[in-house]
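Let's take a short walk through this structure, one selection at a time. Keep your viewer at hand and follow along.

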Amino acid sequence: MSDIEVSVVIGFRDWGAERIRRSAQSILTAFDGMPGEVIISDYGSEDPEPTRAIAEGLGIKHVYTSGDPVWSRSRALNAGFAIAEGQLLISTDADMLFSPRSMRRIVETAKEAGKCALFLQCRDLPDTLGDDYFAENPKIDWTLLEREGRLRPRWGMGGMMAISAQGFATIRGFDERLHTYGGEDLDFAQRARRAGFRTVWVDDPEVRMYHMWHPPTLRTVEQTEAGKAAVAYNRNIVYNDKSYVRNILNWPHAAPDRPPLVSVVYATKDRAELLGASLRSVLTQSVQDFEVIVVDDGPEDDSTLRMVESFHDPRLRYFRQEPKGISAARNLAIDNTRGNFTAVMDDDDLMPPRRLEWQLEAITPEFVGSGGSFMNFDDETGERQVIISKNPGLAHAVEKGGAPGHGTWMLRTDVMRTLRYDEAITSGVDNNFFLRLLRSGYKVTHCGKPILLRRLHRKQVTAVDSARQGDAARQALRFLQFGHTSWHTSKLAEDAKSNAWPKTAAREDMLKSVEAYMPDHLVTRNAFVNLTSPLETIPTFDGTTFLNVIRRDGEIVSARLEVRTASYRDLVALAGLGTDLTAAISDPDSDETQANPSWVLQVLAYHQAATSADEILLVDRDSSSGAGAEGRTSYTMEYGETVQELIVSTMAKGEPTTEKPWLLFGQTAEEYWT
């Protein structure tokens, strides 16, 4: 562990260098001899050298991020925290001055308060105390600032946030969807509170934060249409997204030593081939921030170890124990997990690629985890059926018992460690665990999605041990029902009727969304992935590859790789190349040699996003009508050896034209094509 007690990050873009120097210098003084560090995170300034020189002169850290055309305070702060070493993390702005000893007192307050997120309200200085004043008066008169500063009303979160490094990792930093300006601290505060970190306002006469005057940025931003849209977008996330874990699909500015988001755990014994297929399904996940724990319970040979090692993936961790039973194996797994959440898997089942994503999005503060529906499939015939499970809860369990399918669980790891599997029983251990969880007052939600492909075969545990499982289930139910009066039972029955089933898509749609992820011997599939970066060479796949590239004036704006007759190994490889992996069962009657016409829809969406509301899009397939001329944009689509082109331009409404192009009058691309 680092000796640095606190890391303070200032995030900015194209900000006054001297203003940043004053802010950073005040923070260094405010440490009051305590081990601390200041990190200035420059998120895409046109010229990073002035602030880099300031950082070097002050002996503080400097991180520069280039290439993002959008300003995002969330991303800037996360980029700074990615290299932070402090036990307490503090974010602030580049226009704040901190009084002497204030940082020391903030750290002391955090230690006294325990599990919390701290916030400090700034004091706004008048326009007479801006850049010109401080340039002429480099020595800060703190008495003057205290007299002239006015406490800002608490409509936001004040300009300073502090939380432990562990807390920052739990909610995964600032939400990097937020951009331009507004809402980052408020969103962070809400999520920290949902995760169990109580909000503490620092109210200490030794702690002051003064906002140096400058023209208000947000007011300027909100004067533009794009700025208004950005502020509205941020507000929608802040007030309507009730989750607390963010950046689950992509967190480019994460600390490299962070714990994984999810631990996927297995207890297995001498079923290496089945386990290998299951592991491949985990590796296809849209959420790639996971680890896998495999516990081998008294194996006869090292075939399971060889299977795990064959993937050459450091996220897969293998443990071997003497034969102690499935409960002991599962307890060993959860004792060694590092993820905030634990997803349970049986070694013969499969995950669809968005399982972890769907379950994480469903978990809100009142729930410690989520479950879902599943699809049964016969491993010999391929026959399949979607099973929609009821909402998991005490009301549904107390009458007849029963728990959501074990392989559909995703629970907070700390809860699993508290309850543990009962090692005194050998059957029905999952049912026993879940009913004890409900009896303890914990709540689990239903994500409404089919999150498991459950393999039906002769060696299934439920098939060879059904008698003992039934007896164990009856004992667990008696435990759950103990102490309930007839009034309790009646009230729970009413609750069960009013909230029995989750909201789901139609069974046919649910089946179609996951059936392509059955084993290779049951389906023939085509798979697709959006590439995150251009490929110099296409890797070797078991199936046949086609690359679909869309260019705008010669520059790539999107690339999608398709693999026909893709194997499960191909799915794993595709998941490592890009995002939004999808697959569909191949239709032998369709003509799959033709380019997908939906690329035109993509082009219209790209172009309309940058088009003023009072303009009309002119779209023409004939490049001779003015390709390359001023004001015209050329889009090309390359699909294998096929190349298609569109020319897109704009004209003001009411402007006469003699051409006969396609016109898009203030509609979305989807509306136009409908």
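Our tour begins at Thr364, in the loop that links helix H14 (355-362) to strand S16 (369-378). A reminder before you click further: this is a predicted model.

Is Thr364 buried or exposed? Its relative accessibility is 14%, which is under the 20% cut-off, so Thr364 counts as buried. To see what lies around this residue, display Lys242, Ser243 and Tyr244: Thr364 is in contact with these residues, leaving aside neighbours within four places in sequence.

Next, select residues 555-564, which make up strand S22. Which strands pair with S22? One of them is strand S20 (residues 525-531), which runs antiparallel to S22 over four bridges. Zoom in on Ala527 and you will find Val563 of S22 opposite.

Now add strand S21 (residues 544-552), which pairs with S22 in the antiparallel sense over nine bridges. One place to look is Arg551, whose bridge partner in S22 is Ile556. S21 and S22 together form a hairpin, with two residues between the strands. Stop at Asp553 in that turn and check its backbone: phi is positive, at about 50 degrees. While the strands are on screen, keep in mind that side chains in a regular strand alternate between the two faces of the sheet.

For the last stop, colour the cysteines. How many disulfides are there? The count is zero. Select Cys116, which counts as buried because its relative accessibility is 5%. Then move to Cys447, where a relative accessibility of 14% also means buried.

Key: Residues are numbered from 1 along each chain as its sequence is written. This is a predicted model: local features need pLDDT of at least 70, side-chain atom pairs count only at pLDDT 80 or more; totals for chains, interfaces and linings use all residues. Side-chain values use heavy atoms; hydrogens and water are left out. Two strands pair if DSSP finds at least two bridges between them. Buried means under 20% relative accessible area, exposed over 50%, partly exposed in between (1.4 Å probe, protein chains only). Contact means heavy atoms within 4.5 Å. A disulfide is a pair of cysteine sulfur atoms within 2.5 Å.
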